[in-house]
Amino acid sequence: MNILVLAMILLFQFCGQSFCQNGTKPNIVMVMSDAFDGRLTFDPGSRVVQLPYINYLRQLGSTFLNAYTNSPICCPSRAAMWSGQFVHLTQSWNNYKCLDANASTWMDLLEAKGYITKMMGKLDYTSGSHSVSNRVEAWTRDVHLLLRQEGRPVTRLVGNMSTVRIMRKDWENTDKATQWIHQTAASSQRPFALYLGLNLPHPYKTESLGPTAGGSTFLTSPHWLTKVSSDLISAPKWLPMDAMHPVDYYSTFTKNCSGDFTEDEVKSIRAFYYAMCAEADAMLGQVISALRETGLLNNTVVIFTADHGELAMEHRQFYKMSMFEGSSHVPLLIMGPGLMPGQQINQLVSLVDLYPTVLDIAGIPPEGNLSGHSLFPLLFKSSAFPKKQHPDWVLSEYHGCNVNASTYMLRSGKWKYITYSDGLSVPPQLFDLTLDKEELHNVVLKFPEVTVHLDKLLRSIVDYPKVSTAVHLYNKKAFGAWRDSLGRNYSQVIANLRWHVDWQKDVSANERAIDRWLHGLS
């Protein structure tokens, strides 16, 4: 532990003794990245890439070792974080349908209670955004089609050893955030709350595939690759395609990962992804440095998290949209006055917990019915903060594209239970994460009593067959309205979405499949 970190620990412990007791409410800064695998924030994952500012938070604050997204895709996940409610309660079904534009968030409550607030960068929690391809693929996931929707994952090296700023939009927003800290927050007599949303380490759009392409390019420079310990990167084990769960098979195919990959290709994708994480870490560092330079750090709670993770070729997939650990496990580190330094918390938590936590930090009582529970008591070992009971489970659900059935994940203890649709038409999965960290052995038939218990617990939290039916009906209605709005242009538009190569192989058969689905014939 270096001298700077030791000095900051002593400073935080000193300031923490008067946390919220001297009448001064703490400032709150949240940096939320996109597609950051939470397992990289603690050992052994943290050894593969240098993340000095995440390590700084880890040494000075608390690291949650079991933090999960409530939906492994951008907009629904962020909707859960901002609203404090599970996605089935807000009906945030996909990247196109999330919260209303006027929905109240915890940031609104902070502002109403006297905080100066600022939101910058990627927000992505309200309805109406993302590509037409993305929403159509989500709406038609129940159709008996098997079309590649994404570009094959590739890597791209740019610049040289001095090329630091690759994701320019993120750096511009980080610059604006640090300027705001220096110019507005530092001169204010009121507490402030700042949110910075990053795109990194989300893969970049593959430009060569045209205007409808998704993000399948892992892009970085030699500068950031030097932060990666390539000797620690291994190619993950894969099940044979014919041994995959049917939903995972669909995901692998639609993500264009069913072809052949060499071991070097897989390792390269993973190395580039880790390098992109290192660049995101540097942006977090710039925010922390601004707080330190202005003297605000000793009264500021800093939170780092992400909307979801990134599979980076685990389970023969990239992207998210999966309940496997690479996709669903998110980082969550919290540093601030009064918090125990170097604390690692095993409690299962999820993004909906951040809403009540932020309000607790600010001393503001929550409003309405929240799905989350404050993490505030877990952050302190002082008897001044009562230990409220936090549930011993977390819920995640997914209703979007690249998965052909509504998916529900319940994590409880060492178990991860994944079930689909109505709980009957698609077989469930069960993994023992203590013995099977790679999630390659579905033991649902080996432990029927565990499966029954977890399914009963899940149904006490959410009537998931009913939710699946609601999503199915929404998909049909939304797709039908979209098709009708196009009139005679429908056939041309749908044929030119990002699945166009596979679609063109048998246009009439694909259109018939959609017609049968719309009319309830399949």
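Good morning. I begin with a definition: a residue is called buried when its relative accessible area is under 20%, exposed when it is over 50%, and partly exposed in between, with a 1.4 Å probe and the protein chains only. By that rule C277 is buried, with a relative accessible area of 0%.

The model before you is predicted, so local features need a pLDDT of at least 70 and side-chain atom pairs count only at pLDDT 80 or more, whereas totals for chains, interfaces and linings use all residues. Residues are numbered from 1 along each chain as its sequence is written, and side-chain values use heavy atoms, with hydrogens and water left out.

Let me stay with the cysteines. A disulfide is taken as a pair of cysteine sulfur atoms within 2.5 Å, and by this rule the count comes to zero. Why does C277 have no bond to C74? The sulfur of C74 is the closest cysteine sulfur to that of C277, yet it is 14 Å away, which is too far for a bond. C98 also counts as buried, at 3% relative accessibility.

I turn to the core. In soluble globular proteins, nonpolar side chains tend to be buried together. A nonpolar core here is a set of buried Ala, Val, Leu, Ile, Met, Phe, Trp, Tyr and Cys residues joined through side-chain atoms within 4.5 Å. The largest such core has 83 residues, and F36, F192 and L291 touch the most other members. Its largest share, 18 residues, comes from α10. Helices (H or I, at least four residues) and strands (E, at least two) are DSSP runs, numbered from the N terminus. With contact meaning heavy atoms within 4.5 Å, and residues up to four places away in sequence not counted, F192 touches a list that includes I28, V29, Y115, W180 and L291.

Next, the empty space. Rolling a probe the size of a water molecule over the atoms shows where empty space is left. On a 1 Å grid over the protein atoms alone, a cavity is a set of points where a 1.4 Å probe fits but cannot get out; a pocket is an open set with protein on both sides within 12 Å along at least five of seven lines; and lining residues have an atom within 4 Å of a point. Grid points are joined across faces, edges and corners, and a volume is the space filled by probe spheres set on the points.

The largest pocket holds about 1,100 Å³ of space. It has 36 lining residues, and R39, P44, G45, E314 and K437 are the closest to its centre. Two elements, α10 (263-293) and α11 (325-328), give two or more residues to this lining. For residue classes, Ala, Val, Leu, Ile, Met, Phe, Trp, Tyr, Cys and Pro count as nonpolar, Asp, Glu, Lys and Arg as charged, and the others, Gly among them, as polar. The lining of the largest pocket then divides into 13 nonpolar, nine polar and 14 charged residues.

P44 deserves a further word. It sits in the loop between β1 (27-33) and α2 (52-60), and the peptide bond that leads to it from D43 is cis, with omega near 5 degrees. A cis peptide bond also joins L200 and P201, with omega about 0 degrees; P201 is in the loop between β6 (192-197) and β7 (204-205).

The second largest pocket has about 430 Å³ of space. Its lining has 21 residues, with H130, H202, P203, G215 and Y319 nearest the centre. Eight of these lining residues are nonpolar, nine polar and four charged.

How many cavities of 30 Å³ or more does the structure hold? There are three. The largest has a volume of about 110 Å³, and D248, S322, M323, T407 and Y420 are nearest its centre among 13 lining residues. Helix α9 provides the largest share of that lining, three residues. The second largest cavity, of about 60 Å³, takes the largest share of its lining, also three residues, from strand β13 (residues 393-398).

Finally, two backbone details. M313 has a positive phi of about 80 degrees although it is not a glycine; it lies in the loop between β9 and α11 and is buried, at 0% relative accessibility. D124, likewise not a glycine, has a positive phi of about 55 degrees, and at 13% relative accessibility D124 is buried.
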